[in-house]
Every structure is written in structure tokens, then in C-alpha cells.
Amino acid sequence: MSHWAGTAVIVANDRAGGSASLPVADVAAACRRLVAEVSVVRTAYPGHARTLAAKAARDGADAVLAVGGDGTASDVAHGLVTAADAGPGGGGPALFCVPAGTGNSFYKEVWQDLPWPESLALAFGTGRPRVRRLDMARTEDPQETVLLGACSGLVAEALEKAAGITGFTGRARYQQAVAATLRDFVPHPSRVVVDGEVIHDGGVVLANVGGGRYRGGGFLVLPHSVLDDGLLDVCVVTSALDARELPGLTREGRHVERPEVLYRRGRRIEIERTDGAPLPFERDGEVLRGHTRQVLDVLPGVLPVLSPPERS
């Protein structure tokens, strides 16, 4: 049986999760059984995966495999969509993620709980793969792509606090940061606008825009999100909800049933802090500082992603 991919580039982040558990050699060996030409490149500094992925796209690779966590997936996706030949309806390599980080939300989004060797065999061991062109978002200032989601409020403040926590790593460190943030968290006054319509003007615990359904590997923040519908889902948790309830509610997506939570879809989302103070805000786990307002626009169908075969 002939396989579809002639060339593949593996972009590996040795700092994801724990370097001892990074399965680069296993991924390369499995890939070489299904792809004629496989090369491995390793990131040397934060953001390097963007450059490596863009080069793979320009060099005409058929697929790029991101081996790492959600940050690696985000950087590789950014490199692919900003390469010269990537865009709506255009070409470019298809992305495949190998989960080797802490949260692995993007892998879970596409392949659920399937072990990566099985998903890799499904993606490459065929003459005709299933490639979905997924939506992304772009922030206006600074101009950054968003793969997993962007969030103001509690999530961003917890990420800030996590940077100063020692003695914990990965998901445990973030859980410690959330607990510490909740102890003295104060909702911030914000206006949230979806496609020109103000949907909330008042206290906000968080406003999440995406993107994927999951954040942090296990929090179902946007349970109704569809990756390729050309829209961004928006979840606004207002200050009428006790923030301490949120971690438990979001594990199963039950927060959207509460009247204190607003859920919308749109193509252009604006979040503005109305008291003049900086807006706590993050995109794909990276904190963006110093802005009172963030605007996100959907980038429909820009990212080709290898996906499970459609069920007959």
C-alpha cells in the first residue's frame, strides 16, 4: 500500500514536559516506516519552533510533526500559517501533534485519548489522509496568532503567579497558582463586544475566546466550540459567579449552564478593561502585558491539521 507523505519534518521541543519522556526517537522511527524522507530538528530557544516550521513549509514538506506541549503546537501552527504559501485555501504542510507536554490540550482536541502511535498510523498509513483546515485567531496588538485560546482575568493572573512558584512543575504548578490567585482575586470591570454588539459591561472573572474546547489539558471552558466553523466561541464568566466555583464547574463544562455565564460566537471579539488599568490577558499560555484592550479576529481555515478519518 502506498502512503501519501513523501517528506516530513519533526520539530521537537526538549524542554516540553520532561525531556526524559520526550519520545523523539520513537516518533522518528514510527514515521520512517510510513514516510519516505523524515528529518528531525530541535528547538534551541523560545519561539524557535516558529522559524523551524516556517522553513519546513517553504522547503515543501508534506507534513510537520510538533513533538512537545501546547506551546510547541502553538508555535508550529504560527510558523505554518505565516509561511508564504499558507493561507485560506492554500497549500502548506499538514500539522500533526505528538503529546509530550503538560496539558496537551490541542492533541486532545483533535485525537481525544487515542495513544499517539495509533493516531500517527491513522494519519500517515494511508494513501489519502483526512486533513481538516482549522480556524485560528489573531490578536490586533501585538499581532499574534492564537491556536488554543485567549483569556482575560483569572487565567492570565494565575499564569503570572505561576512564574514565581517553585517546588512544582507543569500542571501541578499551575494548580497551585490558581489556588493562590483565587485567595485574593478581584474581578475586573470590562466591556466585551462580539461583532459590534456589547454582550457584557461590568465585572468579569474571565473572558475566554477560542479556539479549542479545552484549556490546561482538562478544563472544558468552551464546550460547544467547533474547530472549523469559521467562528470564535466566547465565554464570559461575570462577577456574579463566585470565582472559587469555577475550577470545579469547568472540568465538565457545567459553568455554561449557569445564568452568571454568557456564551456567544462571532468573528471579531473585543475585550476592554474599563477602569484604565492593564487588562490581565494571555494567548496560548503566554501573558500579554501592558494593554487595556484586546481585539481578536478569526482566521478561518488557515491551519491544515491531520485528523481522524471520518466515521462512515
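**View 1. K108, a buried lysine.** K108 counts as buried, with a relative accessibility of 19%; buried means under 20% relative accessible area, exposed over 50%, and partly exposed in between (1.4 Å probe, protein chains only). Welcome to a predicted model, in which local features need pLDDT of at least 70 and side-chain atom pairs count only at pLDDT 80 or more, while totals for chains, interfaces and linings use all residues. Residues are numbered from 1 along each chain as its sequence is written, and side-chain values use heavy atoms, with hydrogens and water left out. Look for D113 beside K108: the two form a salt bridge, with their closest N and O atoms 3.5 Å apart. A salt bridge here is a side-chain nitrogen of Lys or Arg within 4 Å of a carboxyl oxygen of Asp or Glu. Unlike K108, which is buried, D113 is exposed at 64% relative accessibility. K108 also lies over the face of Y214, at 5.0 Å from the ring centre (NZ of Lys or CZ of Arg within 6 Å of the ring centre and within 35 degrees of the ring normal).

**View 2. Aromatic rings around F96.** Searching the whole structure gives 3 aromatic pairs. In one of them, F96 and W111 meet edge-to-face, with 5.9 Å from centre to centre and 65° between the planes. Rings of Phe, Tyr and Trp (its six-membered ring) pair if their centres lie within 6.5 Å; planes under 30 degrees apart count as stacked, over 60 as edge-to-face and the rest as tilted. F96 belongs to strand 4 (residues 94-99) and W111 to helix 4 (residues 105-111), so this pair ties together parts that are 15 residues apart in sequence. Helices (H or I, at least four residues) and strands (E, at least two) are DSSP runs, numbered from the N terminus. W111 is buried, with 5% relative accessible area, and F96 is buried at 0%. F96 pairs with F124 too: the ring centres are 5.9 Å apart and the planes stand at 70°, so this pair is edge-to-face. It links strand 4, home of F96, to helix 5 (residues 116-124), home of F124, 28 residues apart. F124 is buried as well, at 0% relative accessibility. Together, W4, F96, W111 and F124 make up one aromatic cluster.

**View 3. Salt bridges on strand 14.** The whole structure has 22 salt bridges, and this view shows two of them, starting with R268 and E140, whose side chains meet at 3.1 Å, N to O. R268 sits in strand 14 (residues 268-273) and E140 in the loop between strand 5 (131-139) and strand 6 (144-146), so the pair ties together parts that are 128 residues apart in sequence. R268 is partly exposed at 31%, and E140 is partly exposed at 37%. In the other bridge, E270 and R293 come to 2.9 Å, N to O. E270 is in strand 14 and R293 in strand 17 (residues 293-306), so parts 23 residues apart in sequence are tied together. E270 is buried at 19%, whereas R293 is partly exposed at 34%.

**View 4. Cysteines without disulfides.** The structure holds 0 disulfides, a disulfide being a pair of cysteine sulfur atoms within 2.5 Å. For C31, the closest cysteine sulfur is in C97, 13 Å away and too far for a bond. C31 is buried at 0% relative accessibility. C235 is in no disulfide either, as the nearest cysteine sulfur, that of C151, is 8.4 Å away. C235 is also buried, with a relative accessible area of 0%.
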